Amino acid sequence: MLQGARLTAFELLMDRIPFKLITDNAVGFIMRKKLVDKVIVGADRVALNGDVINKIGTYMLAVLANRHGIPFYVAAPMSTVDLKLERGDDAPIEFRSREEVVTICGCRIAPEGVDVLNPAFDVTPSELVTAIITERGVFKVPDDLDRLKTARLEESV
């Protein structure tokens, strides 16, 4: 849904955070050329083992960052740490409408009858996460996962 170009870019501009907008397909090339020194993504949910459930494409970024030796950080509020979710693979993944893939702004871009898979989220395994950044501090993965769980428990009381 072009959230990076439509929403994230707007928010970064408003906060005067320097960035460059690129296509998803350019990520590997840009990383290989050493034009990225760290990756910071958000999270919709964080499992107790440090797995991260986020918008589709997050796992791909983590794999590429890992391949190129680039630290991969997750910035998310403590409320995203799900005390009932042991592992990310246990979270249900939403699949969205085929229309999001075959049309842009109501204009058809794919042939009639094309089959579509449109997952909205993916799971990034904790071994690809350098640290989780929250309002309660930075939690290195896997070293600080017990501390992260304790901080979340304290917050929920």
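**Notes on the four-stranded sheet and its helices**

1. The core here is an open, mixed sheet of four strands in the order β1-β4-β8-β9; strands are DSSP E runs of at least two residues and helices are H or I runs of at least four, numbered from the N terminus, and two strands pair if DSSP finds at least two bridges between them. At the edges sit β1 (39-41) and β9 (137-140), each pairing on one side only. Neighbouring strands are turned by 25° against each other on average, direction ignored (axes are lines fitted to C-alpha atoms, for helices over the stretch in contact, with angles from 0 to 180 degrees between N-to-C directions).

2. A word on the source: this is a predicted model, where local features need pLDDT of at least 70 and side-chain atom pairs count only at pLDDT 80 or more, while totals for chains, interfaces and linings use all residues. Residues are numbered from 1 along each chain as its sequence is written, and side-chain values use heavy atoms, with hydrogens and water left out.

3. β1 pairs with β4 (residues 72-75) in the parallel sense, over three bridges. In that pairing, Val 39 has Phe 72 of β4 as its bridge partner.

4. Helix α3 (residues 58-67) lies across β1 and β4, at about 145° to β4. Helix α5 (residues 145-156) packs on the sheet too, touching β8 (131-134) and β9 (contact means heavy atoms within 4.5 Å), and its direction makes about 140° with that of β9.

5. Which residues of α3 are buried? Thr 58, Ala 62 and Ala 65, with buried meaning under 20% relative accessible area (1.4 Å probe, protein chains only). They pack against α2 (27-32), β1, β3 (52-55), β4 and β7 (121-124).

6. Just after α3, Gly 69 takes a positive phi of about 70°.

Notes:
Buried < 20%, exposed > 50% of the residue type's maximum accessible area, 1.4 Å probe, protein only.
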